[in-house]
Amino acid sequence: MKIHCVTMTGFGPFRDTETVDFDAFDDDGIFLITGPTGAGKTSILDAVTFALFGSVPRYDGQPGDAVRSDYLAPEQPCSVEVEFGVERRRFKVTRSPSWQRPKLRGDGFTTVPAKAELDELIDGRWERLQSRAVDTARQIADLIRMTGKQFQQVVLLAQGQFQEFLVADTEGRREVLQALFGTKRFSEYERSLTESAGDLKRQLETAQNKLETTIQFFTQEAGLGEDEIPDPSDGGFDAWLAQVVGSYTEALQAAISRRRDLEAALATAKTTYETATDLAQRQSRRADALRQQERLSDQAEKITADRKTLEHAQRADLVSSAMRAFEQARSALDDAAERLADAESAYLDENPALLVTAEELAASIAGLQQLKGRLGPALESEGRIPELQVAADEAVANLDGLDQQTGALKAQRATVSEQIAGLRKKISALEDPAASLADARAKHSEAVSRLRAAEEAGKLAAQLEVARAENEDAIAKAAQASEALSTLRQRQLAGYAADLAQDLSADTPCPVCGSPDHPNPATVAADHVVQEAIDAAQAVVEATYARSKDTDSQVSVLTEKREAKLAEASQLSIAEAKAERDECAQSLDAATAADTSLRRSRADLEAAQTSADDTLARLDRTQSARTALADKRSAALTALTSAQGLVEDARGDQPSVQARMARADHQLDIGQRLLDSITAKKSAEERLDAERTRLASDLAKAGFAEADEAARATRTESDQQVLKARIESYDSNVKAVALTLISPDLQNLPDDPVDVETPKTALDEAEKQYNETHDEVTRARPQVERLQNLSAAIACQRANIADDVKRYESVDRLASTLRGMSPPNTMRMELETFVLAAQLEEIVTIANLRLRTMTDGRYTLQHTDAIEKNRGKWGLGLDVLDAYTGEARAPDSLSGGEKFQASLALALGLADVVTGRAGGMSLDTLFIDEGFGSLDPETLDVTMATLDNLREGGRTVGLISHVPSMKETIPAQLRVQRLPGGWSTIKQGA
């Protein structure tokens with residue numbers, strides 16, 4: 001995998017869009033990322049992690065938009081784009097966090113969701129692969145074959161984090177290795193086996209309890225006491241079960257045999273009883289039929305009368321419709337005659353003579369209708385005369401008012417025009433001074449920033465002088481301590497012969513030459529150097545060297561800060577910066593005053609212009625209204641005169657047109673009523689004659705002489721239904737009785753009643769004996785079946801328990817072994833720890849290849865499975881073998897620089913092994929964040945040479961460091977600079 005480039009917009013300290021092209025460092029192999037503390041060097045690596053995995057470890061637990069730059073405006077987005085290569089394919093991932101953006105309409109904010117997209121470069125064009133965050137994360141995981149945690153351990157060796165693995169305890173290393181190698185499945189397998197053993201144990205206990213319960217059910221079913229139950233583990237338990245079941249089975253078979261004999265006797269008694277019962281029932285049926293026949297004979301005369309009444313009523317139904325229609329026609333004629341008399345009386349009250357023919361009445365009505373038509377327009381005009389008079393008066397009054405308003409508006413328009421001209425002249429004079437406000441404000445802000453930076457640079461200069469003095473002192477003391485240690489070691493080497501001679505004895509081989517003779521052993525000199533003195537001098541060297549490194553780092557930090565502040569101050573002194581700020585403040589005040597006056601004048605001009613436009617619009621509306629009102633006055637007067645003339649002609653001898661119209665309506669109403677009454681009486685007479693003829697014809701057809709005879713024969717529908725039902729019931733009963741008496745099973749029956757009670761008594765006794773035996777069988781059979789089932793269940797449960805015991809013992813032993821329990825696991829090492837120990841041995845082997853080179857063969861990492869003190873943990877221990885002493889010691893005992901070398905070698909070994917476990921993926925990009933400041937120059941050179949070997953195969957290595965010598969020796973650099981506004985920018989190049 002290779003990281004080609006990263007582009008950041010609004011990410012962390014980078015407000016603007018910044019791009020880092022890692023491919024540009026391919027020829028160099030190693031490049032340095034440098035810049036002031038807090039400028040954003042590590043943020044470049046954070047951006048790579050965020051783009052690939054959607055999170056940054058140091059922002060864990062914070063909101064999702066924590067990566068957004070604090071210098072972004074609320075509406076500006078944040079995004080990161082990383083191009084990376086995997087197996088000759090090139091991909092681009094673009095990711096942005098969720099954030100709160102101001103609403104486009106209204107107040108408040110709206111949430112913009114997080115986005116992640118993945119593209120691939122195919123034939124020179126980017127093709128979209130994924131557009132959803134979840135799909136992008138899934139495909140990146142498939143491509144890289146590493147989690148975010150593994151990526152941090154393999155590609156981005158973050159500041160201080162890769163040393164944690166070296167000094168961690170067994171549990172700490174276990175967590176890291178478990179996450180990197182995915183060995184949690186082994187602990188899950190161990191836990192699964194333990195749970196399975198527990199489940200099998202509980203299953204065995206449940207089975208044993210179930211067996212005891214089944215045995216209790218068996219003894220309760222058999223009616224046995226607890227003292228009669230043998231031990232299930234005894235050999236005779238099965239025979240006892242068979243004996244109990246056999247005794248109950250024999251009793252059941254005897255009861256079944258007795259029931260079979262009683263069943264035959266019961267069948268014979270039942271047949272005898274059924275024969276007697278059938279004969280008695282036939283004798284009862286014949287007696288009931290004879291009694292019914294006698295009752296029907298008594299009803300014959302009444303049924304004959306009912307038949308005659310029903311026949312007359314059915315003939316009367318044929319003329320009922322004609323009779324009703326005749327009566328209705330006669331009643332209608334009487335009503336029409338009465339209405340005609342009333343209409344004639346009303347007509348004579350309004351007219352001197354009665355018009356007796358329909359033609360005369362129709363002609364009179366037509367004349368009245370024509371008169372109403374002529375009066376309609378006049379009546380409408382008569383109603384509008386008051387309204388027309390009011391409209392004419394209002395038009396005259398309004399016209400006078402508009403003439404006065406027009407004069408006032410013309411005077412106001414002239415005044416506003418003069419005001420507008422004066423404001424335009426004032427604005428023209430203020431525009432140029434006010435235009436310089438933005439430039440004056442920017443210059444003033446820059447001058448204030450430069451003054452602040454100059455003052456801070458002055459403070460840093462004083463601190464730098466103190467730091468340089470302390471650094472020079474620390475360097476001198478470190479040189480003195482180193483020289484003293486060197487002198488002691490030379491004296492120690494010179495006295496090694498005396499040390500060896502102290503252990504020589506007669507006949508003991510010399511450890512140098514092997515001779516048992518020691519003719520002239522060396523003696524201990526007065527200034528002999530003991531190891532304690534060497535250790536004390538070594539401690540002094542390390543302490544003074546550490547102080548020199550600290551002071552040197554402080555000088556570098558202060559120098560960078562002072563240079564950065566001088567750059568912000570544009571190299572001005574404090575006095576020069578103050579003078580510049582004061583001059584800019586005066587210019588700003590003048591421009592601000594001009595801008596304020598200009599904005600006020602423009603507001604006044606806009607208000608005056610609005611007033612002028614409003615006055616002109618009002619004047620136009622007033623003049624238009626006067627013209628329309630004059631036309632309206634003329635039209636109103638004309639309409640009033642026309643309406644008055646039309647009304648005068650139409651009212652005649654009446655006081656008004658409305659009165660003449662009312663009289664015509666009344667005369668038209670009484671005339672129309674008289675004409676309608678004459679027509680209605682004539683129609684009623686014609687209908688009565690027609691209904692009289694129809695009634696005479698229907699009476700003749702039905703056989704009646706007159707209507708009264710038909711009326712007497714008439715019966716209601718319900719009465720006819722009652723008669724018909726009574727007749728049909730009588731006829732049906734006569735037929736049924738006759739059929740019953742001639743039935744074959746009622747012929748030749750004895751006259752005396754048959755005896756039924758004696759056979760019934762015999763049947764009841766037989767049923768009683770049979771039921772008692774049947775109940776005995778019914779009770780015994782389920783009991784025998786339950787005993788047989790319980791016996792079989794007991795045998796099956798005992799066999800299953802034996803199998804469960806074997807299975808539980810096997811699984812429990814295996815689970816105990818995997819949990820590290822002794823016995824059987826004498827090493828007391830858990831399965832997952834055992835697997836991780838093998839991985840750790842491989843990591844240590846690879847790490848030592850680099851560590852020996854960096855430490856000139858002095859230190860070698862050793863994996864140990866010894867138990868940790870006070871922790872009881874095994875298998876993942878680390879020691880450091882010191883070739884100088886030949887003893888192994890804890891990693892915590894290493895000095896700062898030595899610890900950095902060991903941690904770096906271990907991290908690189910871990911990266912190599914994890915890479916191999918990820919499928920042999922080649923890693924062409926590697927980043928190491930800080931730690932080099934703890935190394936002395938010679939050790940730093942060796943470490944850099946080791947890192948230089950990482951470039952083999954085209955790998956590019958990025959280093960983050962403040963060490964001045966690295967800035968001088970590594971020409972390819974990526975510089976992060978903080979701008980005066982607080983945000984940072986990136987400069988790339990040698």
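In this predicted model, the axes of helix α8 (residues 300–316) and helix α17 (residues 717–741) come within 10 Å and cross at roughly 140 degrees. That angle makes α8 oblique to α17. The crossing of α8 past α17 is left-handed. On the α8 side, the contact involves A300, K302, I303, D306, R307, T309, L310, A313 and Q314. These residues meet Q720, L723, K724, R726, I727, Y730 and D731 of α17. By class, the residues of this contact divide into seven nonpolar, three polar and six charged.

A second element of the model is an open sheet of three strands. The strand order is β11-β12-β13, and the pairing is antiparallel. Strands β11 (859–864) and β13 (887–889) form the edges, each pairing on one side only. From one strand to the next, the twist averages 35 degrees. Strands of a sheet pair through backbone hydrogen bonds, in either a parallel or an antiparallel manner. Here, strand β12 (residues 877–882) runs antiparallel to β13 and is joined to β13 by three bridges. Within this region, D882 stands opposite E887 of β13. Helix α19 (residues 831–854) packs on the sheet. The helix touches β11 and β12. The direction of α19 makes about 175 degrees with that of β11. An angle over 145 degrees counts as roughly antiparallel, so α19 and β11 run roughly antiparallel.

Backbone geometry was also examined in two loops. Most residues other than glycine have a negative phi. R88 is not a glycine, yet has a positive phi of about 65 degrees. This residue lies in the loop between β4 (79–86) and β5 (89–96). R88 counts as exposed because its relative accessibility is 92%, against a cut-off of over 50%.

S570 likewise has a positive phi, near 55 degrees, and is a residue other than glycine. S570 is found in the loop between α13 (531–568) and α14 (574–650). With a relative accessible area of 43%, S570 is partly exposed. That value falls between the limits of 20% for buried and 50% for exposed, so S570 belongs to neither of those classes. Thus R88 sits in a loop between two strands, whereas S570 sits in a loop between two helices.

Note on methods: Residues are numbered from 1 along each chain as its sequence is written. This is a predicted model: local features need pLDDT of at least 70, side-chain atom pairs count only at pLDDT 80 or more; totals for chains, interfaces and linings use all residues. Side-chain values use heavy atoms; hydrogens and water are left out. Axes are lines fitted to C-alpha atoms, for helices over the stretch in contact, and angles run from 0 to 180 degrees between N-to-C directions. Helices (H or I, at least four residues) and strands (E, at least two) are DSSP runs, numbered from the N terminus. Angles under 35 degrees count as roughly parallel, over 145 as roughly antiparallel, 65 to 115 as roughly perpendicular and the rest as oblique. A crossing is left-handed if the near helix is turned anticlockwise from the far one by less than a right angle, and right-handed if clockwise. Contact means heavy atoms within 4.5 Å. Ala, Val, Leu, Ile, Met, Phe, Trp, Tyr, Cys and Pro count as nonpolar, Asp, Glu, Lys and Arg as charged, and the others, Gly among them, as polar. Two strands pair if DSSP finds at least two bridges between them. Buried means under 20% relative accessible area, exposed over 50%, partly exposed in between (1.4 Å probe, protein chains only).
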